[in-house]
Amino acid sequence: MRSQRLLSVLLVAASTLAFAPAAGTAPAPPVACGPGDDAGALGVGDPYYPRFGNGGYDVEHYDLAIRYGPRTNHLRGVATITAQTTHGLSCFSLDLVGLTVHAITVNGDPATWSRSHHELMITPGAPLASGADLSVMVSYDGFPKGFVIPSLGAVSGFIRTRDGVIVAGEPEAATAWFPVNDHPSDRASYTFRITVPIGYDVVANGVRESRTTNGNWSTHVWDARDPMASYLATFDVGEWRMRFRTTSSGLPVIDAIDPDVLPRVRASVRREPEILGFLESRFGPYPFESAGGIFPDTGRLGFALETQTRPVYSRAFFPNGESVIVHELAHQWFGDLVAVDRWQHIWLNEGFATYAEWLWSGHEGFGTPRRTFEAIWKAIGGDSSFWRVVIGDPGVDDLFDGAVYIRGAMTLQALRNRVGDDAFWTTLHLWTEQHAFDTGTTDAFIALAEQVSGQDLSDLFDVWLFRPGRPPASAVSGSGVLTTSPRATAHARAWLRAFARRTAP
Ligand code: TRP
Ligand code: ZN
């Protein structure tokens, strides 16, 4: 009864009383963080996801001390968030979905808070100045839930398995397990201190710092020093077989492999250093402190994700594993090093990672990316619904439509055909250099391609990114004459079939 009344008070507080001053009474008074309050805004203004991220501060580091029981799914956390204010703030918010908050301090002093579905709104004891250091400590607990991917009906974000959990989702994952400024435009470094019952192992982003055991629990500390977008943060509990390697250039490669995966998964894992070397030869030096992958053996994970330094892979993607590994490792440059500034720019991630797959198959002798491009254009008939998606602004429902991937890769080959290899590769290298550890937009990419090539490319990008329908043959090959080979056609068809299996429910 009591809790029900409290709940309705909070709902009212979040919707209609958003501008009411903090009442200051325990346990959760309404606060003045409303959508109209610029400084403490409840979102960064991403048109696709208005509530994602928050205004008024910039996170530097998340220290996440988490105790997790895989059998019960109970999670207890203390998140210490180090940030800088970018405005004077009387209140601010973090994103958090579900879970129960027990205590919050701001710069060491108790703070009050209230909740709405996606927001944890915090009022510090005294207003904060602009440009000030901000340290927020949140104690919380609960039973994390994943998010349903509408187009797939599958769960992402927080995925329980028979022997632990896989944490991976896009664009949403982080809010399931810690309070966060959940938008790629605010990247931060992370320390994960994950305590699990002995017998379970833990892998996360970055590098492992320590493992200590205390009674029936052990604490696994992982450090991700390279700032990353929040959806790229992962911790994964299981019976991992850990594999530590170093590439010839000195890069640590750390893999977590479920002992039950098939030999063909292990065979693909073995090729990671070779794939990294190949991608470095095309995109420039690998950008982070470590690399590797997470290879669970659960049927509940139906996708792969480019979690920074350590992508996670569905077992369903093997065979054809090399292509997926190329894709996720290419995301380390395109998606992770350079993140999307707004989610509508997603082709900058998926188109580029898919293009890397075509580069790799060319390298493996299956026909150049130009031939793959032509063969795929031919294979997808002009009346296919594939061509309806406007990949430069696909909308929430089509954010991860196959067209964003494939038409995105086609856009890059069309650009390469038009400007030539030198300008193309210079554009890609300058792109990752200029936007390293930062975000990018489609407009900025177009401007760079035009600047490097010295050409007006608006017709090209318009037809590939912003106009629905199948671009004409003249947009595929300057002459309009396609020179497909039987080998390239066969490969393109096989690749398309494998790709469809990857994205089908
Ligand atoms: N970015 C992922 C990839 O292509 C795919 C992806 C899209 C995804 N939506 C997701 C992964 C949701 C997990 C959850 O590599
Ligand atoms: Zn991808």
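These legends describe close-up views of a predicted model.

**View 1. Helices α6 and α7 cross at roughly 130 degrees.** Helix α6 covers residues 369–379, and helix α7 covers residues 402–419. Their axes come within 10 Å. Angles of 65 to 115 degrees count as roughly perpendicular and those over 145 as roughly antiparallel; α6 and α7 are therefore oblique to each other. The crossing of α6 past α7 is left-handed.

**View 2. Side by side: the residues that join α6 to α7.** From α6, the contact takes in P369, R370, F373, I376 and W377. From α7 come I406, M410, Q413, A414, R416 and N417. Sorted by class, this contact holds 7 nonpolar residues, 2 polar and 2 charged.

**View 3. The surroundings of ligand 1.** There are 14 residues around ligand 1. E170, F303, E328, E350 and Y405 come nearest. Three polar pairings are given here, with E170, H327 and Y405. A polar side-chain atom of E170 sits 2.5 Å from a nitrogen atom of the ligand. For Y405, a polar side-chain atom lies 2.8 Å from an oxygen atom of ligand 1. In H327, a side-chain N or O atom is 3.3 Å from an oxygen atom of ligand 1.

**View 4. The cis peptide bond between E170 and P171.** Omega is about 5 degrees at this bond. P171 is placed in the loop between β11 (164–168) and β12 (188–197). E170 is also among the residues that come nearest to ligand 1.

**View 5. The cis peptide bond between F318 and P319.** Here, omega is about 5 degrees. P319 belongs to the loop between β19 (291–295) and α4 (321–330). Most peptide bonds are trans.

**View 6. L99 and its positive phi.** Most residues other than glycine have a negative phi. L99 is not a glycine, yet its phi is positive, about 65 degrees. L99 is found in the loop that runs between β3 (92–95) and β4 (100–106).

Key. Residues are numbered from 1 along each chain as its sequence is written. Chains are lettered from A and ligands numbered from 1 in the order in which they are written. This is a predicted model: local features need pLDDT of at least 70, side-chain atom pairs count only at pLDDT 80 or more; totals for chains, interfaces and linings use all residues. Side-chain values use heavy atoms; hydrogens and water are left out. Axes are lines fitted to C-alpha atoms, for helices over the stretch in contact, and angles run from 0 to 180 degrees between N-to-C directions. Helices (H or I, at least four residues) and strands (E, at least two) are DSSP runs, numbered from the N terminus. Angles under 35 degrees count as roughly parallel, over 145 as roughly antiparallel, 65 to 115 as roughly perpendicular and the rest as oblique. A crossing is left-handed if the near helix is turned anticlockwise from the far one by less than a right angle, and right-handed if clockwise. Contact means heavy atoms within 4.5 Å. Ala, Val, Leu, Ile, Met, Phe, Trp, Tyr, Cys and Pro count as nonpolar, Asp, Glu, Lys and Arg as charged, and the others, Gly among them, as polar. A residue is near a molecule or strand if one of its heavy atoms lies within 4 Å of it. A polar contact is a pair of N or O atoms within 3.5 Å; within protein, one must be able to donate a hydrogen and the other to accept it, and residues adjacent in sequence count only if both atoms are side-chain atoms.
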